[in-house]
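Take a look at the model below. The paragraphs after it lead from helix packing to charged pairs and on to a single residue.

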Protein chains: 2
Amino acid sequence: MKLLEDRILRDGKIYEGDVLKVDSFVNHKIDVGFISELGREFYRLYKDCGVNKILTIEASGIGIACLVAMHFDVPVVFAKKSKSSNVSPDVYTSKVESYTHGKTYDIIVSKEHLDSNDRVLIIDDFLAKGNALRALKEVVDQAGACAVGAGIIIEKAYQSGGDKLRKELGLRIESLAKIASMSVEGGIEFC
Amino acid sequence: MKLLEDRILRDGKIYEGDVLKVDSFVNHKIDVGFISELGREFYRLYKDCGVNKILTIEASGIGIACLVAMHFDVPVVFAKKSKSSNVSPDVYTSKVESYTHGKTYDIIVSKEHLDSNDRVLIIDDFLAKGNALRALKEVVDQAGACAVGAGIIIEKAYQSGGDKLRKELGLRIESLAKIASMSVEGGIEFC
């Protein structure tokens with residue numbers, strides 16, 4: 001999506017250690033009008049899939065998911081990150097290995113808010129190794145719900161997490177910007 | 001706001017320990033159309049105040065703030081919760097004593113995203129003792145920005161945190177539902 005690629009080139013900041021910061025419009029300051037335009041694109045892509053719920057993960061996924069959900073007119077459920085390993089029988093749960101933070105955490109979703117009647121669109125800001133997306137898909141599976149697909153703002157395609165999940169899980173993943181390569185010196189090349 | 005009071009009475013759950021859960025439309029599952037209606041009300045209340053930025057705190061404030069911000073057509077900045085006590089010179093920071101979690105944490109906002117030209121509306125889901133709101137106001141003050149007011153979904157008025165902040169800080173606080181009393185046996189009385 002050219003609108004997004006241009007914005008990433010203009011406002012994204014690349015740091016050593018394979019870090020792309022889009023804090024000025026996605027992750028810390030949120031340009032709600034712009035993100036809503038991305039939501040319109042996700043709606044165009046998934047409008048015929050019977051989506052009745054959007055699932056994301058706290059914290060930075062929440063705002064994006066809400067702005068996307070307005071186009072679909074469906075509720076958002078966000079998975080909570082949990083430090084405790086006590087798993088309540090009232091929740092679905094899965095583990096995420098965080099590349100950014102170098103640790104593993106649990107995510108939980110209350111069974112009240114997801115069930116086998118749901119057709120779920122998973123929304124997240126970044127897809128790199130795909131660990132968060134894999135965990136969210138597991139939660140959907142535990143609920144017996146159908147994951148119609150995922151909508152990602154920025155996919156680091158060179159890390160192959162997305163293609164692995166497309167193949168392994170047969171999951172439809174639509175990423176609005178796919179990065180082919182990225183470095184502090186060379187900048188960003190999109191796919 | 002009657003629409004909200006009715007919804008709280010219908011879907012809110014009261015637990016021992018002064019806990020009101022509104023997980024089914026505000027805090028875990030988010031009814032985006034409904035929250036957007038609350039956003040319309042905040043817009044009506046603050047539309048003449050020159051608001052150019054909305055400030056909230058992760059995680060559950062983010063979705064609400066984004067849905068409110070769409071009415072104002074301004075960006076959202078969310079304060080991040082930080083466990084480290086290393087304060088970077090690039091951030092504003094303040095401390096929040098959490099009643100719910102029984103501990104103190106730091107909140108941080110990058111200096112890039114808030115400055116003395118900003119007229120800030122602070123948005124949050126709950127106001128009880130007022131500690132999060134006080135910390136967000138401190139961050140606004142550190143930036144030399146103007147806090148035009150706060151928009152709260154549910155104020156536990158019987159805890160007096162809101163009135164204390166109104167008096168002490170001279171801050172305009174508009175709460176869409178103000179709870180006068182609450183108990184498992186007696187239910188909820190609004191102000």
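At what angle do helix H4 of chain A and H3(B) pack? This is a predicted model. In it, H4(A), which spans residues 60-72, packs against H3(B) at an angle of about 105°. Their axes are 9 Å apart. Angles of 65 to 115 degrees count as roughly perpendicular, so H4(A) and H3(B) are roughly perpendicular to each other. H4(A) brings A:Cys66, A:Ala69 and A:Met70 to this contact. H3(B) brings B:Val32, B:Gly33 and B:Ser36. Sorted by class, four of these residues are nonpolar and two are polar. No charged residue takes part in the contact of H4(A) with H3(B).

Now turn to a pairing inside chain A. H1(A) packs with helix H3 of chain A, residues 32-46, at an angle of about 145°. Here the axes are 10 Å apart. The crossing of H1(A) past H3(A) is left-handed. Which residues meet between H1(A) and H3(A)? From H1(A) come A:Leu3, A:Leu4 and A:Arg7. They meet A:Phe34, A:Glu37 and A:Leu38 in H3(A). This contact has four nonpolar residues, two charged ones and no polar ones.

Charged residues lead to the next topic. Side chains of opposite charge can pair when their charged atoms come close. How many salt bridges does the structure hold over all chains? The count is 30.

Start with H1(A) again. There, the side chains of A:Asp6 and A:Lys2 form a salt bridge, 2.7 Å from N to O. Why are A:Asp6 and A:Lys2 separated by about one helical turn? They sit four residues apart in helix H1 of chain A, which runs over residues 2-11. A:Lys2 is exposed, at a relative accessible area of 58%. A:Asp6 is partly exposed, at 37% relative accessibility.

A:Arg7, met above in the packing of H1(A) with H3(A), also belongs to a network of salt bridges. The network links A:Arg7 with A:Arg10, A:Asp11 and A:Asp31.

Further along chain A, A:Asp163 and A:Arg166 join their side chains in a salt bridge of 3.0 Å, N to O. Both lie in helix H6, residues 161-169. They are three residues apart, so about one helical turn separates them. A:Asp163 is partly exposed, with a relative accessible area of 43%.

Chain B has a similar story to tell. B:Arg44 forms a salt bridge with B:Glu41. The closest N and O atoms of this pair are 2.8 Å apart. The two residues are three places apart in helix H3 of chain B, residues 32-46, and so are separated by about one helical turn. Is B:Glu41 buried or exposed? B:Glu41 counts as buried, at 19% relative accessibility, because buried means under 20%. Its partner B:Arg44 counts as partly exposed, at 48%.

The last stop is B:Ile188. This residue lies in strand E11 of chain B, residues 187-190. At 13% relative accessibility, B:Ile188 counts as buried. What is B:Ile188 in contact with, leaving aside its neighbours within four places in sequence? The list holds B:Ile8, B:Leu9, B:Ile14, B:Leu20, B:Ile179, B:Ser181 and B:Met182. Take one of them, B:Ile8. In sequence, B:Ile188 and B:Ile8 are 180 residues apart. In space, they are 8.9 Å apart, C-alpha to C-alpha.

Methods. Residues numbered from 1 in each chain as written. Chains lettered and ligands numbered in written order. Predicted model: local features only at pLDDT ≥ 70, side-chain atom pairs only at ≥ 80, totals over all residues. Heavy atoms only, no water. Salt bridge = Lys/Arg side-chain N within 4 Å of Asp/Glu carboxyl O. Buried < 20%, exposed > 50% of the residue type's maximum accessible area, 1.4 Å probe, protein only. Axes fitted to C-alpha atoms, helices over the stretch in contact; angles between N-to-C directions. Parallel < 35°, antiparallel > 145°, perpendicular 65-115°, else oblique. Contact = heavy atoms within 4.5 Å. Nonpolar A, V, L, I, M, F, W, Y, C, P; charged D, E, K, R; others polar. Left-handed = near helix turned anticlockwise from the far one by under 90°.
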